[in-house]
Amino acid sequence: MHRTDAKPYWNTNVARHQDILRAVPEECGKALDIGCGDGLLARKLTARATHVTCVDSSPEMIARARELATGHSGIACVEGDFLSVDLPARGYDFVCSVATIHHMDFEAALVRMRELLRPGGTLVVVGLAREAGPTEWAATIAAAPLVRITKALRRADSPQGMPVADPHMSYGQVHATARRLLPGVRYRRHLLRRYSLTWHKPRS
């Protein structure tokens, strides 16, 4: 066990980690985790990628990520705004982001993620959206009891100091924009009030 390992925790974002890890390409060289928080997912990614870069705009969060990365080889923690921080174009075989994109300009963030991904690489975004219209509200209301029970049973928790923001885009707006910017993207709405976007960048 690494000296700085934190006590394990679970929440509705961590619930999506296994799906994200399964999407990492075989023989992945470089991976990028956007909005890494305390670096929990980035540390998990070191088992699937040779080198992991994690980015967060919160000084508190990136400091914690650096602390917990001690003893984990192949992690670089970068503090800064993802939309402007210096990162190599087409530099990553795998790019992921969990519960972060609603803190940014959605379209600008997706475009930059697309540009940072190498041809043939994979992008996975897990996000939050707001309900708009009876269909979206019906899905949320139907799932609400199970969400409450799951959170209680799993003792849902998050690191202190984690920035929060309310989503401005609806699920439908997210889906439509993603389809326009990422042709062939797979969109899924998940039970615990999250959606995911999975996209494979064409090789040419």
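Start with the sheet: select its seven strands, which form an open sheet in the order β3-β2-β1-β4-β5-β7-β6 with mixed pairing. Strands (E, at least two residues) and helices (H or I, at least four) are DSSP runs numbered from the N terminus, and two strands pair if DSSP finds at least two bridges between them. The model is predicted: local features need pLDDT of at least 70, side-chain atom pairs count only at pLDDT 80 or more, and totals for chains, interfaces and linings use all residues. Residues are numbered from 1 along each chain as its sequence is written, and side-chain values use heavy atoms, with hydrogens and water left out.

**The edges of the sheet**

Select 75–79 and then 186–190. These are β3 and β6, the edge strands, each of which pairs on one side only. Neighbouring strands of the sheet are turned by 15° against each other on average, direction ignored. Axes here are lines fitted to C-alpha atoms, for helices over the stretch in contact, and angles run from 0 to 180 degrees between N-to-C directions.

**The whole chain**

Zoom out to the protein chain, which has six helices and seven strands. From the N terminus on, its elements run α-β-α-β-α-β-β-α-β-α-α-β-β. The radius of gyration of the chain is 17 Å, close to the 17 Å that the globule rule gives for 204 residues, so the chain is as compact as a globular protein of that length. This radius is taken over C-alpha atoms, and the globule rule is 2.2 Å times the number of residues to the power 0.38. The C-alpha atoms fill a box of roughly 50 × 45 × 30 Å, taken along the principal axes. Buried residues (under 20% relative accessible area; exposed is over 50% and partly exposed in between, with a 1.4 Å probe and protein chains only) make up 48% of the 204 residues.

**Strands β4, β5, β7 and β6**

Select residues 117–127, strand β5. Eight of its 11 residues are buried, so β5 is largely enclosed by the rest of the structure. On one side, β4 and β5 pair in the parallel sense over six bridges. The bridge partner of valine 98 in β5 is valine 126.

Now add residues 194–200, strand β7, which pairs with β5 in the antiparallel sense over six bridges. Which residue in β7 stands opposite valine 126? Select serine 196 to see this partner. Six of the seven residues of β7 are buried, so this strand too is largely enclosed by the rest of the structure.

Move on to β6, which pairs with β7 in the antiparallel sense over five bridges. Histidine 190 stands opposite arginine 194 in β7. The two strands form a hairpin with three residues between them, and arginine 193 in the turn has a positive phi of about 60°.

**Helices on the sheet**

Select residues 59–68, helix α3, which lies across β2 (49–56) and β3 and runs at about 165° to β3. Helix α6 (residues 171–181) packs on the sheet, touching β6 and β7, and its direction makes about 165° with that of β6. Contact means heavy atoms within 4.5 Å.

Which residues of α6 are buried? Colour Tyr171, Val174, Thr177, Ala178 and Leu181. They cover an arc of only 135° around the axis, which puts them on the same side of α6. The arc is that of the directions from the helix axis to the C-beta atoms.

**The cores**

A nonpolar core is a set of buried Ala, Val, Leu, Ile, Met, Phe, Trp, Tyr and Cys residues joined through side-chain atoms within 4.5 Å. In the largest one, with 29 residues, select Leu110 and Met113, which touch the most other members. Helix α4 (106–116) is among the elements that each supply at least two residues of this core, and α4 gives the most, with five. A second, separate core of 24 residues includes Cys28, Val98, Val124 and Val126.

Return to methionine 113: leaving aside neighbours within four places in sequence, it is in contact with Ile34, Phe82, Val95, Ser97, Ile101, Leu123 and Val125.

**Last stop: a loop**

Select proline 167, in the loop between α5 (134–154) and α6. Not counting residues up to four places away in sequence, proline 167 touches His102, Leu128, Ala129 and Arg130.
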